[in-house]
Structure formats: C-alpha cells, structure tokens
Amino acid sequence: MVMIFTLVTAVQEKLNEIVDQIKTRREEEKKQKEKEAEEAEKQLFHGTPVTIENFLSWKAKFDAELLEIKKKRMKEEEQAGKSKLSGKQLFETDHNLDTSDIQFLEDAGNNVEVDESLFQEMDDLELEDDEDDPDYNPADPGSDSTD
C-alpha cells in the first residue's frame, strides 16, 4: 500500500509539473502573440520617414494628379458649356423670352389683377425720407444710424 501511495504521489507530481509546463507554454504563446500583434499595429503607424527628397517627389506626383483632374473637369465644363447659353445670350437670340412668363400665366388662367387705387394716395403714408435727415450721407450707408 505504501508503495502504491508513493507511485501515485510521484505520478501526480509529474502530471502537475506537465500541466504547469503546458500552462506556462500557453501563457508564453499568448504573450508572444500579443507582442507580435502590438508590433504589427506599430508597423501600421510607422511609415516612410519624410525627407526633403521624398516630399518633393510626392509633391510633384500629387500636383500632376491635381492638374490632370482639373484638365478633365475643364473639358467636361467646356463640353457642357457649349450647349448651354447664358441668360443674356438667350434673351439676345430669342426676343419672345421677355414676354414668355406673362404668356405662360395667361395661358394657365392666372391673371394677376392689381388695384391701382391703393397706390394713388401715397402722400398719406408716413415714409421716412432720408434726404430730409441732415446727417444722411448717401456715400456712407451707416451715416443715418442714431448714436
């Protein structure tokens, strides 16, 4: 019995050592993976050191790309601009456009009627007259403000 107890105790101790070794190995592997992941993350943030030569070559490439984009945009605007006329050019080419809004309203049946009698007695209204103000200066928009 004593012999079996000694053997079982020795086996238990050996198994405990093996389990401890496995645990420490797993912990070390875990720490190693964490360390590798941390270093990989640091590598993501660590780029090429900027020198004057590197910057100038990058700047030249960047300026060339911007110039190319601007040229494309200008070509697109020119192509789109050829078919579009400005408002002034439209009115100069088609004299019917100056009455087209009125014609459109008449065709739709929306005749606007104005009661002119409302505007005939303008003397009764108390309107501010800037010309009567001695401090009024038309060249200075803030001259009529009160202090």
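How many aromatic pairs does the structure hold? This predicted model holds two aromatic pairs, and the legends below describe them together with their surroundings.

**Figure 1. The chain as a whole consists of helices.** The secondary structure of the chain comes to four helices and zero strands. Read from the N terminus on, the order of elements is α-α-α-α. Of the 147 residues in the chain, buried residues make up 1%. The chain exposes about 15,000 Å², and carbon and sulfur atoms supply 54% of that area.

**Figure 2. Phe55 and Trp58 form a tilted aromatic pair in helix 2.** Phe55 has its place in helix 2, which covers residues 52-83. Trp58 also lies in helix 2, three residues from Phe55, or about one turn of the helix. The two rings are 5.8 Å apart, centre to centre, with 35° between their planes. The pair counts as tilted because this angle falls neither under 30 degrees, the range for stacked rings, nor over 60, the range for edge-to-face rings. Phe55 has a relative accessible area of 40% and is therefore partly exposed. For Trp58 the relative accessible area is 46%, so this residue is also partly exposed.

**Figure 3. Trp58 and Phe62 form a stacked pair.** The ring centres of Trp58 and Phe62 are 5.1 Å apart, and their planes meet at 15°, so the pair is stacked. Both residues belong to helix 2, where they are four residues apart, about one turn of the helix. Phe62, with a relative accessible area of 33%, is partly exposed.

**Figure 4. Three aromatic residues are linked into a cluster.** Which residues do ring pairs link into a cluster? They are Phe55, Trp58 and Phe62. Trp58 takes part in the tilted pair with Phe55 and in the stacked pair with Phe62.

**Figure 5. The aromatic cluster residues belong to a nonpolar surface patch.** Phe55, Trp58 and Phe62 are among the residues of this patch, together with Val50, Ile52, Leu56, Leu66 and Ile69. Together, the patch residues have about 810 Å² of accessible area. Why can Phe55 belong to a surface patch? Patch residues must have over 30% relative accessible area, and Phe55, at 40%, counts as partly exposed. Trp58, at 46%, is likewise over this cut-off, as is Phe62 at 33%. The close-up thus brings together the ring cluster and the nonpolar patch on the surface.

Note on methods:
Residues numbered from 1 in each chain as written. Predicted model: local features only at pLDDT ≥ 70, side-chain atom pairs only at ≥ 80, totals over all residues. Heavy atoms only, no water. Patch = residues over 30% accessible without salt bridge, like charges linked within 9 Å, V, L, I, M, F, W, Y side chains within 5 Å. Areas by Shrake-Rupley, 256 points an atom, 1.4 Å probe, with all protein chains shown as cover. Salt bridge = Lys/Arg side-chain N within 4 Å of Asp/Glu carboxyl O. Helix = DSSP H or I, 4+ residues; strand = E, 2+ residues; numbered from the N terminus. Buried < 20%, exposed > 50% of the residue type's maximum accessible area, 1.4 Å probe, protein only. Phe/Tyr/Trp six-rings, centres within 6.5 Å; stacked < 30°, edge-to-face > 60°.
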